[in-house]
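Work through the following exercises with the sequence and the coordinates open. Each task is followed by a solution in steps.

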Amino acid sequence: MTGPAATAAPAGGPAAAPRAVTARPRLAAALELAAPLAAVALALLAGAVLIALAGEDPLAIYGSILHACLGTGYGFGQMLFKATPLVFTGLAVAVGFRAGLFNIGAEGQLYLGGFAAALAAVALAGAPGPVQLVGALLAAAAAGAAWATIPGVLKARFGAHEVINTIMLNFIAMQLVAFLGRYAYQPGTVRTATIPAGAVIPRLDVWFPALHGSPANLSLLLGLGLALATAWLLFGSRLGYAIRAVGLNPAAAEYGGIAIGSTHTAALALSGALAGLGGVNFVLGYKQFFEQGFSAGAGFLGIAVALIGRNQPLGVIVAALFFGGLSYGGLVINDRVPRELVEMLTALVILFAITLQQVMTRAARKLR
Amino acid sequence: MSSSVVAMRNITRRFGTCVANDDASFTLMPGTIHALVGENGAGKTTLMRVLYGLLTPQAGHIEIDGRTVRIARPADAIRLGLGMVHQHFMLVEPMTVAENLALGHEPGSRFGAWRAAAAEHEVEELSARHGLKVDPRARIHTLSVGAQQRVEILKALHHRARVLILDEPTAVLAPQEVDELFRVLRGLAQAGTSIVLITHKLAEVRTLADHVTVMRAGRVVGGGPIASLSNDAIAELMVGRPVPPLAAERTAPGAELRLEVSDLEVNDDRALPAVCGVSFAVRAGEVVGIAGVEGNGQHELIECLAGLRPARAGTVLVSGRPAPPGARARFHAGMAHVPADRLRRGMIAGMSLAENLVLGREDDPALGRGPGLDPARLARRALPLLEEYDVRPALPAAHAGTLSGGNQQKLVMARELTRDAGVMLVAHPTRGVDLGATRFIHQRLIEARNAGRAVLLVSSELSEVLALSDRVLVMFEGRIVCERLPAATDERELGRFMIGAAGA
Amino acid sequence: MMELLLFVAAAVRISVPYTLGAVGAGFSERGGVVNIGIEGMMLNGALGYVLGAWYSGHATLGLLAAVVAGVVTAALHALVTVRFRADQITSGLGINLLAAGLTKYVLVEVFHSSSNSPRVPGLELLPGLAAVPAVGTVLGAPLVLLTALLVIGVQWLMFRSVFGLRLRSIGERPEAAATLGLSVTAYRTAGVLISGALAGLAGAWLASEQHSFTDGMTGGRGYIALAAMIVGKWSPAGAVAACLLFGASEALQITLQGVAFPNELLQMLPYLVTMLALAGWIGRSVPPRAVGVPYDPELG
């Protein structure tokens, strides 16, 4: 944005100083990028007020959270473990957003993904180890994808809004698993049988003894690989072009011969597969069985992750680490400040992020 | 000067670094019709939106009846006796005429109840008084465009407007409807209403206005009583330079039938018939222009030909072969399509110029391996195209949304003219485009024609249709009601066909 | 006969919070603001009720506090979406998360328990009417009667008043209303605040019924209310019908307990019905045209 931009300035415009013309768009772009960071800062500030109201020292509390996550190998591993499903659900929500769809259903997709992974692993108990693992992973992805395809088809076929449908499907997923659990759970419990050894995803402390005791496992690596794959998909593939075109301007995409309905459905299926795979972190990597209610909001947090990560795969990874750290940090400070502080912080980050996004975009528009 | 009803003094309004109004002054005398003219983007609408309180100026002030006033919101403008008929009607479509007219000034009642009967009665009275016929109980979406415009004018009068601002009121009307509108406006002016008419059509200025103010690039560049200015003088003020005629050297049309349409029937979005048995053909090296008031099936016709809308009946042949279904397949079959609404259909504002240049051909194997689409290849391909089609700035990575209207249209033309297409569907190619870009686009279309392409042109600008076409068709209520050679007809005759008033 | 009346009474009582939430959400959405935050407004309303009743000892003051809590929560939604024009769906989700965290935080800080508050007074049944057999718990419940009156009043407000006409026109075509001098911001804010007040009442009903606040006690009822609003086609009367249907299906679950039919499948019913309604299989459910679209005068 250097030379040619200057010649494009409207003739006779009073603000035609060349330096201003090149510097302002850069400032504007910086403003837009700064929104998520500013949101985090403001949320932490608001959180500090709440901590002070509870009679504690905000700096000490935040210091404890930081120390818990980065100060010990175990804590670092816990942060990674908490961040892992958020990488998956953050990517899932981001892929939806890129197609112009709001996938609020990542929660249910992840939940079903974990359930399917456990069932598949148990069913494949007699098969060779790698088959157990691959089968369980495929089952998780397929269950998530199938569940997300429902709102995709309903949108493509009947124009039904995916937001309400994905919310409804979250509730239905909970009931569906509870119903199937009647046949799948161990007697008298709300958990499945333990999965066979071949389907277990190894913990990271096998290679990094410093993380000893923490449940961080190789699912994280799977998530990072999928982030790279998602980046290529969105910005280096024909399908990604179609997804972004449909998301940015469906009428123009249709004009270009891109089938909106099937692109939406494909994007939601991909989104659901990513979310479904997020379930394996807990089921295959940690507990080694499925337990009713395990998802605990990881799907909803994915929305915050995608928002702060600006729907960029790399941004999603960074944001997932941040929120993963927060949710582990909440446990550490619970004896001094209720750990629900973390839930509020997350909510505030979301509210500030969307508000500041508007404020900064407007400011940027004025600058340009 | 003290007797002016409206005086806007030294108004400046910026959007970011773009100056929409630059020290612009404007004076309206009571009981006169004042034309505010200029090219698209000259700042006419902005100036009037400032007057109506929809935008606040960064500098300057407004006087009404000689007194300085602050107009911070439309409510202030309405109280001061200003009324505005927007280019896109400000009507709540699922609601009735009476509800739309009363909105914001509902007939009073004790508990805040809505008194439908009283409101309907008021509308009947008002419409009788001004000779503007509407049914107060009709829902807006059931009304014709002309009737909706009458509702808009009545709405302003209902709020006791002494000053009526009309933004491009004739763009959506047939010539005869325009005559009717002008009759109403003259009557209102005689009764003392002052009228501002925003337009870029010189003929309207000449027939209706008492005064003219010309704007260019946000500034007021001239004006005065209509009698003191010639059409050429106004045109030159608008453009800033003498207007060159279109150099239209034409080769003879070929004989090969490129596009054959027979007995085509197409539905509109509400599943009502919009195209009712249309047949025509376009030969290689020929421009066929379709004139008509908007909403008479042209839109549905073009969308159907482009594969965006299914045909209910009839056949479409491209170079003698049945056209395959779907937009993508039509591109592959040798069609190109410049859509009517480039911002909505023709480009993706949030994508780069390079990406926009492959819209509709991102499946081209030359653009990447397998499922991949190589960003570097897109950029390399874009640069020479942007330069050839004079898209400025020629930056492949820039977002299309940052371009001006003319450059956006050149971007769309660059993409469509570089398709390997024997048939070009071109809708409203110069709408909202400045004169320089208009000339450029017309030139390119004629070149495409001379190179042997078949061009089907749809435009609501009769002058454009007449200037570019080898044959002119008129569409009315979904049918082709006349076919003429441009040399053998004129705007009056075509206008009669456009409103179905020509004796069949 | 008695059984049937008991069933109807149960259905009506279950549908009270749904009705209040759904009718409220309709006001927000008719003005053009999607309100997924009903759940959070209900939850804060329930906590408000318990705090008000705990500190004052009076259920009526609890009711008032519940309305205030709902309105304050709604004001946050209005600030973010109307004043700052941020995404309405995300804001609603943020508000639900905030309420979930805030109520637990307050529970711990005030009552030193992470799961429930101490027992507080509930709204008393009206002595005369409560004595009616079977349906006394409906006819005698002040909040049921208030809800019934509110529904009638609100139906009038939406379709027979000047306010309703203006609100609906702003939800359809905000630019048109703005050019007539109506403040889009003011009417949209009013719509959101009304939804918060009614959601707060819904929370008060839940807290008053069980005489305490428990963690996450709304349990997704805000979402069911939203669903009922959609099934009821954004009209108060339609929403009431949908809420009664959902209430009946839940009452049926209680009646069928112990019978072979799995409860989980019945619990899916409201969600399934909503999906069918959205797909157009139960008549057409068309939202107000400008719902979800922030109004920006500079882009009009």
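The exercises below concern a predicted model and go from whole chains to helix packing, a sheet and a chain contact.

**Exercise 1.** Describe the make-up of chain A and decide whether its radius of gyration fits the globule rule.

Solution. Start with the secondary structure: chain A has 15 helices and 0 strands. Next, take the radius of gyration, which is 22 Å, while the globule rule gives 21 Å for 368 residues; the two are close, so chain A is as compact as a globular protein of that length. The box filled by the C-alpha atoms of chain A, taken along the principal axes, is roughly 80 × 60 × 35 Å. As for burial, 57% of the 368 residues of chain A count as buried. Finally, consider the contacts in chain A between residues at least 6 apart in sequence: 76% of them join residues at least 24 apart.

**Exercise 2.** Carry out the corresponding steps for chain B, starting from its helices and strands.

Solution. Chain B has 17 helices and 20 strands. A compact globule of 504 residues would have a radius of gyration near 23 Å, and the 24 Å of chain B agrees with this. The C-alpha trace of chain B spans about 70 × 50 × 50 Å along its principal axes. Of its 504 residues, 48% count as buried. For contacts in chain B between residues at least 6 apart in sequence, the share joining residues at least 24 apart is 67%.

**Exercise 3.** Characterise the packing of α5 and α6 of chain A by distance, angle and handedness.

Solution. Two packed helices are described by the angle between their axes and the distance between the axes. Here the axes of α5(A), residues 106-123, and α6(A) come within 7 Å and cross at roughly 145°. The crossing is right-handed. Now list the residues that make the contact: α5(A) contributes, among them, A:Gly113, A:Gly114, A:Ala116 and A:Ala117, and α6(A) contributes residues including A:Ala139, A:Ala140, A:Ala143 and A:Trp147. Sorted by class, the contact of α5(A) with α6(A) has 14 nonpolar, 7 polar and no charged residues.

**Exercise 4.** Give the strand order of the sheet in chain B that contains β13, then place the helices that pack on the sheet.

Solution. Strands of a sheet pair through backbone hydrogen bonds, either parallel or antiparallel. This open sheet has 6 strands in the order β16-β17-β18-β13-β19-β20 of chain B, and the pairing is mixed. Its edge strands are β16(B), residues 335-338, and β20(B), residues 479-484, each of which pairs on one side only. From one strand to the next the twist averages 20°. At one edge, β19(B), residues 471-476, pairs with β20(B) in the antiparallel sense over 5 bridges, and B:Met475 stands opposite B:Ile480 of β20(B). Helix α9(B), residues 298-305, packs on the sheet and touches β13, β17, β18 and β19 of chain B, with its direction at about 150° to that of β17(B). Helix α15(B), residues 435-450, lies across β13, β17 and β18 of chain B and runs at about 145° to β18(B).

**Exercise 5.** Which elements give two or more residues to the side of chain A that touches chain C?

Solution. First count the residues: the contact takes 34 from chain A and 35 from chain C. On the side of chain A, the elements sought are α6, α7, α13 and α15. Of these, α15(A) gives the most, with 14 residues. By class, this side has 25 nonpolar, 7 polar and 2 charged residues.

Methods: Residues are numbered from 1 along each chain as its sequence is written. Chains are lettered from A and ligands numbered from 1 in the order in which they are written. This is a predicted model: local features need pLDDT of at least 70, side-chain atom pairs count only at pLDDT 80 or more; totals for chains, interfaces and linings use all residues. Two residues are in contact if their C-beta atoms, placed from the backbone, lie within 7 Å. Helices (H or I, at least four residues) and strands (E, at least two) are DSSP runs, numbered from the N terminus. Ala, Val, Leu, Ile, Met, Phe, Trp, Tyr, Cys and Pro count as nonpolar, Asp, Glu, Lys and Arg as charged, and the others, Gly among them, as polar. Axes are lines fitted to C-alpha atoms, for helices over the stretch in contact, and angles run from 0 to 180 degrees between N-to-C directions. A crossing is left-handed if the near helix is turned anticlockwise from the far one by less than a right angle, and right-handed if clockwise. Two strands pair if DSSP finds at least two bridges between them. The radius of gyration is taken over C-alpha atoms; the globule rule is 2.2 Å times the number of residues to the power 0.38. A residue is buried if 20 or more other C-beta atoms lie within 10 Å of its own, exposed if 12 or fewer, and partly exposed in between; C-beta atoms are placed from the backbone.
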